[in-house]
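Subject: Handing over the structure

Dear colleague,

I am passing this structure on to you, and my notes on it follow below. Please look through the sequence and the model first, and then read on.

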Amino acid sequence: MKYPELRLRRLREHFALRKILTEHTLLKKDLIQPLFVKEGLVKPAEITSMPGQWQWTENTAADEARRLEALGIPGIILFGIPSKKDKTGKAAFSANGIIQKTVRLIKKKCPKLLVITDVCLCEYMSHGHCGILKKRESGKWRVESGSVDNDATVRLLAKIALSHARAGADVVAPSDMMDGRVAAIRSVLDKNHFKRVPIISYAVKYASSFYAPFREAAQSAPSFGDRASYQMNPANAAEAIREADTDLKEGADMILVKPALGYSDIIFRIKNKFHCPVGAYSVSGEYALIKAASQKGWIDAKKMVLETHLGLKRAGANFIITYWAKDIAEWLEDTCHSE
Ligand code: PBG
């Protein structure tokens, strides 16, 4: 048989035909911008490893939130950096903590903007790990894997999530990777009249080298060891399904996959298996890569960002948490990108 010539290419040649056959689009409504808020800061400080991203004061974070809303971005996710860290993480659930104060302010100034809070302990712990560390008999903090006390940490995470909901957070997003934390958070929210506050679970969070710039931004690098005892092995996909399954059963409303670059098969698998809302977190290292190469003039940041983010939509992401959100919103003339 003679292979039919131009069988697929003839669908690509006419500009308008390409348009009507477009399968996926990147929209402003897909975007969530992460913002870092630092207690005790006098004026915004640019993050060295993430040029164009800032540590904000409470007031300037609220101003930025207003600008993002005006650009058509539907939501933000907040990360807090407290002025004092310790081994108990108490600054994370104080009613007057940096996140709680900032949420109240932003919700007052932008009531319609979706305010998501990251629920984790790493920024609040002097040792930078995502939970309470078990003590050794000698009284020394343990550094070997398995040293984070799962259940003690979960109790604390539930307290943090409740304090965020009390401050007015619209959605809480636990990012610690402890077992059982979604159930614990759901139960404490329900008991305290926050049945309507949904949970985005970072159910699938890989132990990734792509988080390095974030750890400077949030000042949360572990002072010893790494996070491999609680974050996932990049080699595993079936385990990602089990993580998502468990969290959905515990009451997670949305599942987040993180990082995004290199993990879009995981977005695809979860979406196809559970048909639940799935978000992609395009992390700090992904931002830094494109930013640095574009500053050297090696690549076109706009084209590359639109392409990679469109790829996440194609993989099945309903929304994308991305440091490029503001730029994308400025680039999208007619609120959408498909080529
Ligand atoms: C933990 C948390 C991290 C990120 C989001 N939440 C860091 C980590 O696990 O080390 C990383 C996000 C990014 O790299 O942009 N609270």
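I begin with the ligand, where an oxygen atom of the ligand is 2.9 Å from an N or O atom in the side chain of Gln231. Two further polar contacts (pairs of N or O atoms within 3.5 Å; within protein, one atom must be able to donate a hydrogen and the other to accept it, and residues adjacent in sequence count only if both atoms are side-chain atoms) belong to this site: a polar side-chain atom of Tyr323 lies 2.6 Å from an oxygen atom of the ligand, and one of Lys258 lies 3.1 Å from a nitrogen atom of the ligand. There are 17 residues around the ligand, and Lys205, Arg215, Lys258, Ser284 and Tyr323 come nearest, where a residue counts as near if one of its heavy atoms lies within 4 Å of the molecule.

Before going further, please keep in mind that this is a predicted model, in which local features need pLDDT of at least 70 and side-chain atom pairs count only at pLDDT 80 or more, while totals for chains, interfaces and linings use all residues. Residues are numbered from 1 along each chain as its sequence is written, and side-chain values use heavy atoms, with hydrogens and water left out.

Lys258 also takes part in a cis peptide bond, which joins it to Pro259 with an omega of about -10°. Pro259 itself sits in the loop between strand S9 (254–258) and helix H8 (264–274); helices (H or I, at least four residues) and strands (E, at least two) are DSSP runs, numbered from the N terminus.

Turning to enclosed space, a search of the whole structure finds 2 cavities of 30 Å³ or more. On a 1 Å grid over the protein atoms alone, a cavity is a set of points where a 1.4 Å probe fits but cannot get out, a pocket is an open set with protein on both sides within 12 Å along at least five of seven lines, and lining residues have an atom within 4 Å of a point. Grid points are joined across faces, edges and corners, and a volume is the space filled by probe spheres set on the points.

The largest cavity has a volume of about 140 Å³, and of the 18 residues that line it, Cys122, Lys205, Tyr211, Phe214 and Lys258 lie nearest its centre. Its lining has 9 nonpolar, 3 polar and 6 charged residues, where Ala, Val, Leu, Ile, Met, Phe, Trp, Tyr, Cys and Pro count as nonpolar, Asp, Glu, Lys and Arg as charged, and the others, Gly among them, as polar.

The second largest cavity holds about 50 Å³ of space, and its lining is made up of 7 nonpolar, 2 polar and 2 charged residues. Strand S5 (75–81), strand S6 (114–119) and H4 each supply at least two residues of this lining, which includes Phe79, Asp118, Ile160 and His164.

Helix H4 (residues 150–167) deserves a paragraph of its own. Its 18 residues reach 26 Å from the first C-alpha to the last, close to the 26 Å expected at 1.5 Å a residue, the expected span being 1.5 Å times one less than the number of residues. Because 13 of its 18 residues are buried, H4 is largely enclosed by the rest of the structure; buried means under 20% relative accessible area, exposed over 50%, and partly exposed in between (1.4 Å probe, protein chains only). At the N-terminal end of H4, Asp149 acts as a cap, with a side-chain oxygen 3.4 Å from the backbone nitrogen of Asp151, and after the helix comes Gly168, whose phi is positive, near 115°. Within H4, Ser163 is buried at a relative accessible area of 10%, and its C-alpha is 7.0 Å from that of Gln100, although the two are 63 residues apart in sequence.

The largest pocket has a volume of about 310 Å³, and among its 13 lining residues the closest to its centre are Arg18, Leu21, Thr22, Glu23 and Ser338. Helix H10 (residues 301–315) provides the largest share of this lining, 4 residues, and the lining as a whole has 3 nonpolar, 4 polar and 6 charged residues.

Finally, there are two backbone angles to look at. Met177 has a positive phi of about 70° although it is not a glycine, and this residue is buried, with a relative accessible area of 5%. His193 likewise has a positive phi, of about 65°, but counts as exposed at 74% relative accessibility.

With best wishes
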